[in-house]
Amino acid sequence: VDSYLVLAIRFCNIGLTGRASDLLQGMVKTHIYASDSSIEMALNSIIGCYHSCSGNNPVVFDVMVDACRRHKMLDAAAKILSGLKIRGVTPSLRSYNGVLSDLLKGGRIKQFWGVHKCMLEAGLAPNIYTYTFMVGAYGKAGNINEAKGVLVEMTEKGCAPNAVTYNVLIGRLCQGGKVNEALNIKREMGKNGLIPDVFTYSTLVNGLCKEQRLQEAKALVAEILNVGLKTNCVAYSTLLDGFISNGEIDEAFKVRDEMLAQGIQLDVTGYNALIRGLCKLGKMEKACQLLNEMVRMGCEPDAVTYGLVIGGYLKDKDVNGAFTMFEKMKKSVMPTVVTYSLLVNGLCHGGDLQRADGVLHEMVASGLKPNVVIYTALITGYCRKGRIEDAREVFKRMVEGGITPDVRSYNSLIIGLCKAGEMDNANMYLVEMKEKRLTPN
RNA sequence: UUCAUAGUAAGCCAAUUA
């Protein structure tokens, strides 16, 4: 560890931060674990080496934090920040913000506030990024009033919110079903001299669509042009998807025509939304035509595109169609866990558990790790066939593989056990899930 | 070296009465 650090510190001293970054990423990967002791050791080393080699570029501390982030070791990053604070070293505000961003994205709100507190204690003043993250953190936890309070607080501190800050608030409101309030916030933006941008509009269009308020959503998409903003394919495909979700496929295609008329090409997500609509209606030839069209137009299908078509075939119980598409997919796109779980689930529904298991093996062989969804699909499949022992076996394998069963996994197994008359075992799992603090539904 | 906002695919489906 010392050798890595000495080199990294010297690289930073002479401005070669890129080299330092490569080194520390390697070091974090091989020598830092979640354990407190390995982190304490690294902290003591970095401070010691910094002094002993006359470190003069504190950027090396940022680089260290960044290295943890790149390896998704957020616990380590947080511990390093607090460990450095105790030792009187303060990484940059950006460094703190980066960790806050990752924690927020991961939904780790409690840790988010821990790092935030640490940052204040280190004497760093929040900037507009920090405040925007705070809005997001409160909003994600459903604390809308606190989120709004952040806007007031930052204004008082002389850091006026910008459109992004407002957009985050609007997004959280929409997510909590408070679309009307979100629309009010958009008006408030205007009063505060901020112009709603395409992000503001798309967020609101999405919120309205999710509430099935499609006419209002459509009007808002039109408003983008009316107020003189440059519209884009996100705004249109959000609306397009809204109509698809609502079963109005003709309206969806009208949105596509409108966007083409505006000179905006469909992107992958737009095509995917249309393909989803066609698959939903079982119009598989049309879906395939659209897939071919997108290739012709130079828009590369992705794993989602193929997943939609595969799912469409499976819904029609056309297993051969699904696998033909799967083979075609593999020529250009890497299947994901979702692709495999579509197949496993489809095969389970058709009762072909042997093949389902084979698909799971293929997935593992390709280097993907099974997740809770795919295991649960398999458990359900075995239960439906009355093969309860096999279902329990899969459940066990999942736990041993380090995957935590969720409420749905327990439901599958418990329902299977109940149907097989094994009430004692069903009860045992019910007790177990409560012990694991999962709330039965 | 490092910081923020928008759109698309996967798993459980029980209980009452008839």
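Modeller: A contact means heavy atoms within 4.5 Å. Keep that cut-off in mind. This is a predicted model.

Biologist: What share of the contacts in chain A with a separation of 6 or more comes from residues 24 or more positions apart?

Modeller: The share is 59%.

Biologist: What makes up chain A, helices or strands?

Modeller: Chain A has 25 helices and zero strands. Its C-alpha atoms fill a box of roughly 70 × 60 × 45 Å along the principal axes. The exposed area is about 21800 Å². Carbon and sulfur atoms supply 54% of that area.

Biologist: How much of chain A counts as buried?

Modeller: Of its 441 residues, 48% count as buried. The cut-off for that word is under 20% relative accessible area.

Biologist: Why is Thr132 called buried?

Modeller: Its relative accessibility is 12%. Buried means under 20%. Therefore Thr132 counts as buried. Thr132 sits in helix H8, residues 128–140.

Biologist: What makes the pair Thr132 and Thr165 a polar contact?

Modeller: Their side chains are joined at 3.2 Å. The cut-off is 3.5 Å between N or O atoms, and one must be able to donate a hydrogen and the other to accept it. So the pair at 3.2 Å passes. The side chain of Thr132 also has a polar atom 2.7 Å from the backbone oxygen of Ile128. Leaving out residues up to four places away in sequence, Thr132 touches Val164, Thr165 and Val168.

Biologist: Why is Glu181 called partly exposed?

Modeller: Its relative accessible area is 26%. Buried stops under 20%, and exposed starts over 50%. The value of 26% falls in between, so Glu181 is partly exposed. Glu181 belongs to helix H11, residues 179–191.

Biologist: What does the side chain of Glu181 make with the side chain of Lys148?

Modeller: A polar contact, at 2.4 Å. The limit is 3.5 Å, so 2.4 Å is within it. Beyond four places in sequence, Glu181 touches Ile144, Lys148 and Leu173. Met334 is another matter. Glu181 and Met334 are 153 residues apart along the chain, and their C-alpha atoms are separated by 42 Å.

Biologist: Is Gly307 buried or exposed, and how do you know?

Modeller: Gly307 has a relative accessible area of 11%. That is under 20%, so Gly307 is buried. Gly307 lies in helix H18, residues 303–315.

Biologist: How many disulfides are there?

Modeller: The count comes to zero.

Biologist: Why is Cys118 not in a bond with Cys68?

Modeller: The sulfur of Cys118 is 14 Å from the closest cysteine sulfur, in Cys68. A disulfide needs the sulfur atoms within 2.5 Å. So 14 Å is too far for a bond. Cys118 is also buried, at 6% relative accessible area. Cys159 counts as buried too, at 17%.

Biologist: Now the RNA. Which residues are closest to RNA strand B?

Modeller: Arg94, Ser237, Asn272, Ser341 and Arg408 are the closest. In total, 59 residues surround the strand. By class, the surface near RNA strand B has 18 nonpolar, 29 polar and twelve charged residues.

Biologist: What part of RNA strand B is within 4 Å of the protein?

Modeller: Of the strand's atoms within that distance, 41% belong to sugar or phosphate. The rest belong to bases.

Biologist: What makes Arg384 a polar partner of a phosphate oxygen of RNA strand B?

Modeller: An N or O atom in the side chain of Arg384 is 3.2 Å from that phosphate oxygen. The cut-off is 3.5 Å, so the pair qualifies. Arg70 also passes, because its side chain has an N or O atom 3.4 Å from a phosphate oxygen. Thr203 has a polar side-chain atom 3.3 Å from a sugar or linking oxygen of the strand.

Technical notes. Residues are numbered from 1 along each chain as its sequence is written. Chains are lettered from A and ligands numbered from 1 in the order in which they are written. This is a predicted model: local features need pLDDT of at least 70, side-chain atom pairs count only at pLDDT 80 or more; totals for chains, interfaces and linings use all residues. Side-chain values use heavy atoms; hydrogens and water are left out. A residue is near a molecule or strand if one of its heavy atoms lies within 4 Å of it. Ala, Val, Leu, Ile, Met, Phe, Trp, Tyr, Cys and Pro count as nonpolar, Asp, Glu, Lys and Arg as charged, and the others, Gly among them, as polar. Helices (H or I, at least four residues) and strands (E, at least two) are DSSP runs, numbered from the N terminus. Buried means under 20% relative accessible area, exposed over 50%, partly exposed in between (1.4 Å probe, protein chains only). Accessible areas come from the Shrake-Rupley method with a 1.4 Å probe; for residues, only the protein chains shown count as cover.
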